[in-house]
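Welcome! Work through the exercises below at your own pace, with the sequence and the 3D view open beside you. Try each task before you read its solution.

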Amino acid sequence: MTTTSASAKSARKPKGEGHERRAEILAAAERIFVEHGYEGATIRKIADEVGLSSTALYMHFSEKGEILQEICRQTFESLLAVNRAALAEPGSPEERMRKIMRAYVDFGFNNPNAYRLVYMTSPAELREGAQDAAQVMGAELFDAFLQVIRELEAAGRLKSDARTTAQAFWAGGHGVISLMIAKPYFDWVDREQLIRTLLEGLFAGLLKP
């Protein structure tokens with residue numbers, strides 16, 4: 001046995017702790033998918049990152065496409081939970097819309113790897129299962145987002161129709177997240193200042209007083 005293989009074996013983690021191990025695999029896979037792309041990410045790379053053998057990793061996921069699908073599913077579920085919580089809170093439609101927009105932006109910055117995979121990966125790179133999750137759960141997420149916009153429409157607050165307004169808000173939020181996490185070397189102003197300025201501009205430009 002070579003020194004390298006002996007070292008790798010000793011670094012491998014003991015069996016058990018299934019839920020924790022799956023979470024570790026998903027977190028490692030997020031980083032590797034972002035760094036190497038789907039084709040460049042291999043089960044061996046993911047297993048090595050977690051400190052498992054490839055055989056042990058296959059006990060949790062049958063192949064890397066299943067891992068990517070699970071990352072997409074969990075990301076959308078987290079965002080849906082954020083939206084539902086905001087929709088359930090008391091307050092005017094504008095107040096709830098502000099909470100939804102802020103929560104969406106915060107989620108993107110707090111989970112940059114998952115956000116990249118779900119919203120910044122081309123359809124050609126996503127495999128069928130991940131595409132299904134993105135389309136089905138993404139549509140549900142947008143519908144929850146649209147719900148509060150329709151309340152604003154009913155109150156006579158929109159300058160355009162509900163779908164256009166919803167997509168404009170979404171495009172604005174996505175723009176600041178994707179640009180800042182994809183171009184960290186740019187000379188950005190303070191992130192909080194930029195987010196506030198963008199959101200206030202969206203609300204002032206898309207809603208009637």
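Buried means under 20% relative accessible area, exposed means over 50%, and partly exposed is in between, all with a 1.4 Å probe and protein chains only. This is a predicted model, where local features need pLDDT of at least 70 and side-chain atom pairs count only at pLDDT 80 or more, while totals for chains, interfaces and linings use all residues. Residues are numbered from 1 along each chain as its sequence is written, and side-chain values use heavy atoms, with hydrogens and water left out.

**Exercise 1. Find out whether Asn83 is buried or exposed, and list what Asn83 touches.**

Step 1: Locate the residue. Asn83 sits in helix H5, residues 64-88. Helices (H or I, at least four residues) and strands (E, at least two) are DSSP runs, numbered from the N terminus.

Step 2: Apply the cut-off. Asn83 has 5% relative accessibility, so Asn83 counts as buried.

Step 3: Look for partners. Contact means heavy atoms within 4.5 Å. Leaving aside neighbours within four places in sequence, Asn83 contacts Ile100, Leu141, Ala144 and Phe145.

**Exercise 2. Describe the overall make-up of the protein: how many helices and strands does it have?**

Step 1: Count the elements. There are ten helices and zero strands.

Step 2: Turn to burial. Of the 209 residues in the protein, 38% are buried.

Step 3: Check how far apart contacting residues lie in sequence. Taking contacts between residues at least 6 apart, 70% join residues at least 24 apart.

**Exercise 3. Explore the salt bridges: how many does the structure hold, and which parts does the pair Arg96 and Glu151 tie together?**

Step 1: Learn the rule. A salt bridge is a side-chain nitrogen of Lys or Arg within 4 Å of a carboxyl oxygen of Asp or Glu. The structure holds 13 of them.

Step 2: Begin inside one helix. Arg21 pairs with Glu24 in a salt bridge, their closest N and O atoms being 3.2 Å apart. Both residues belong to helix H2 (residues 18-40) and are three residues apart, about one turn of the helix. Arg21 is buried at 4% relative accessible area, whereas Glu24 is partly exposed at 28%.

Step 3: Go on to a pair between helices. In the salt bridge of Arg96 with Glu151, the closest N and O atoms are 2.5 Å apart. Arg96 is in helix H6 (residues 93-110) and Glu151 in helix H8 (residues 128-154), so this pair ties together parts 55 residues apart in sequence. Arg96 is buried, with a relative accessible area of 8%, and Glu151 is partly exposed, with 26%.

Step 4: Add another pair. Glu200 and Arg98 meet through their side chains in a salt bridge of 2.8 Å, N to O. Glu200 lies in helix H10 and Arg98 in H6, so parts that are 102 residues apart in sequence are tied together. Glu94, Arg98, Arg157 and Glu200 are joined into one network by salt bridges that share partners.

**Exercise 4. Work out which residues meet where H6 packs against H10.**

Step 1: Read the geometry. The two helices, H6 and H10, pack at an angle of about 145°, with axes 12 Å apart. Here, axes are lines fitted to C-alpha atoms, for helices over the stretch in contact, and angles run from 0 to 180 degrees between N-to-C directions.

Step 2: List both sides. Glu94, Met97, Arg98, Met101, Arg102, Val105 and Phe109 in H6 meet Arg191, Glu192, Ile195, Leu199, Glu200, Leu202 and Phe203 in H10.

Step 3: Sort them by type. The residues of this contact between H6 and H10 comprise eight nonpolar, no polar and six charged. Ala, Val, Leu, Ile, Met, Phe, Trp, Tyr, Cys and Pro count as nonpolar, Asp, Glu, Lys and Arg as charged, and the others, Gly among them, as polar.

**Exercise 5. Find which residues touch the most other members of the largest nonpolar core.**

Step 1: Define the set. A nonpolar core is a set of buried Ala, Val, Leu, Ile, Met, Phe, Trp, Tyr and Cys residues joined through side-chain atoms within 4.5 Å.

Step 2: Name the residues. In the largest nonpolar core, with 58 residues, Phe33, Ile67, Met97, Ile149 and Phe169 touch the most other members.

Step 3: Zoom in on one of them. Not counting neighbours within four places in sequence, Phe169 is in contact with Met97, Met101, Phe145, Ile149, Leu202, Phe203, Leu206 and Leu207.
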